[in-house]
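Dear colleague,

Please find below the sequence and the structure that I promised to pass on. My notes on them follow directly after.

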Amino acid sequence: MPEHILIFGATGLSGIEFCFSALQQGHQLTLLVRSPHKLPREIASNVNVTVIEGTFEDVKKLEQAAGAGPQIFISFAGPPGMSKGTHITNAMKLIFPMLVANKYKRAMVLGTCSYPAPQDKVNATYTGYGDDGLFLSRKGMVRWVLQEMCEDSPWVGKAPAISNH
Ligand SMILES: NC(=O)c1ccc[n+]([C@@H]2O[C@H](COP(=O)([O-])OP(=O)(O)OC[C@H]3O[C@@H](n4cnc5c(N)ncnc54)[C@H](OP(=O)(O)O)[C@@H]3O)[C@@H](O)[C@H]2O)c1
């Protein structure tokens with residue numbers, strides 16, 4: 001079923017890969033980006049794409065994006081190397097109440113592992129099942145996220161480690 005998806009980090013490697021795949025599947029996208037010039041023309045000019053230029057600190061732009069009609073939120077935002085502070089975390093703290101207020105049905109925040117889960121073993125998250133690994137291709141991540149946009153996934157509310165293993 002075509003969904004309307006709000007995307008953070010759409011100008012990054014993973015975000016661009018996701019946008020191309022999601023558009024091929026007929027989804028509608030709203031992108032909050034601070035550097036619109038980084039978006040490939042095929043994405044920026046697609047009739048199913050709305051680009052909102054703004055930063056993660058701009059509460060009014062966050063509200064505009066969250067209230068533009070999407071029902072699914074996906075963040076591919078990641079800090080550039082050597083960056084300081086918690087810009088992404090701060091943005092999540094701002095956007096999540098807006099997602100709840102707008103009755104979003106699913107929110108997925110992609111990032112390199114940094115949160116513990118109750119199922120974690122000493123040396124890894126969700127590992128010990130024999131099906132974990134350290135390598136994750138962006139195409140693989142995009143495939144997983146696209147198939148996860150449902151409300152009955154067993155991963156809702158969990159913190160899975162995703163790998164290509
Ligand atoms: N094996 C793994 O663990 C693995 C593999 C792949 C990806 N990942 C994770 O997946 C996420 C995406 O990876 P990626 O390689 O696609 O990252 P990337 O190419 O560095 O892209 C990062 C995105 O975040 C945006 N961004 C960063 N800081 C921002 C800020 N303060 N305000 C607004 N936008 C901001 C960037 O916007 P600009 O373009 O404007 O800078 C860009 O769109 C990251 O969290 C990464 O850690 C993990």
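Two strands are said to pair if DSSP finds at least two bridges between them. With that in mind, leucine 6 stands opposite threonine 30 in β2. Please note that this is a predicted model.

**The sheet**

Five strands make up an open sheet, in the order β3-β2-β1-β4-β5, and their pairing is parallel. The edges are occupied by β3 (49-53) and β5 (106-109); each has a single partner strand, so one side of each is left without a neighbour in the sheet. From one strand to the next, the twist averages 15°. As general background, the strands of a sheet pair through backbone hydrogen bonds, in either a parallel or an antiparallel manner.

The individual pairings can be described as follows. β1 and β2 run parallel and pair over five bridges, whereas four bridges join β1 to β4, again in the parallel sense. Leucine 6 takes part on this side too, since its bridge partner in β4 is phenylalanine 73. β4 in turn pairs with β5 in the parallel sense over four bridges, and here serine 75 stands opposite valine 109 of β5.

Two of these strands deserve a further remark. Five of the six residues of β2 are buried, so this strand is largely enclosed by the rest of the structure. In β4, Ile72 and Ile74 point one way while Phe73 and Ser75 point the other way, and all of them are buried.

**The nonpolar core**

The largest nonpolar core has 30 residues, and Ile7 and Cys19 are those with the most contacts inside it. At least two residues of this core are supplied by each of β1 (4-8), α1, β2 (28-33), α3, β4 (72-75), α4 (87-101) and α5. Leaving aside neighbours within four places in sequence, cysteine 19 is in contact with Ile7, Ala10, Leu29 and Ile43.

**The surroundings of the ligand**

Which residues come nearest to the ligand? Of the 23 residues around it, they are Gly9, Thr11, Gly12, Ser14 and Gly78. The elements that give two or more residues to this shell are α1 (13-24) and α5 (138-147). α1 provides the largest share, three residues. By character, the shell divides into nine nonpolar, 11 polar and three charged residues.

**Two lysines**

Lysine 61 is found in helix α3 (residues 59-66). Is this lysine buried, exposed or partly exposed? A residue counts as buried with 20 or more other C-beta atoms within 10 Å of its own and as exposed with 12 or fewer; lysine 61 has 16, so it is partly exposed. Not counting residues up to four places away in sequence, lysine 61 touches Leu32, Ile52 and Gly54. The C-alpha atoms of lysine 61 and leucine 32 are separated by 8.0 Å, although the two residues are 29 residues apart along the chain.

Lysine 103 lies in the loop between α4 and β5. Lysine 103 has 7 other C-beta atoms within 10 Å and is therefore exposed. Its phi is near 55°, a positive value in a residue other than glycine. In general, most residues other than glycine have a negative phi.

With kind regards

Definitions and conventions: Residues numbered from 1 in each chain as written. Predicted model: local features only at pLDDT ≥ 70, side-chain atom pairs only at ≥ 80, totals over all residues. Near = placed C-beta within 6 Å. Nonpolar A, V, L, I, M, F, W, Y, C, P; charged D, E, K, R; others polar. Contact = placed C-beta atoms within 7 Å. Core = buried A, V, L, I, M, F, W, Y, C linked by C-beta atoms within 7 Å. Axes fitted to C-alpha atoms, helices over the stretch in contact; angles between N-to-C directions.
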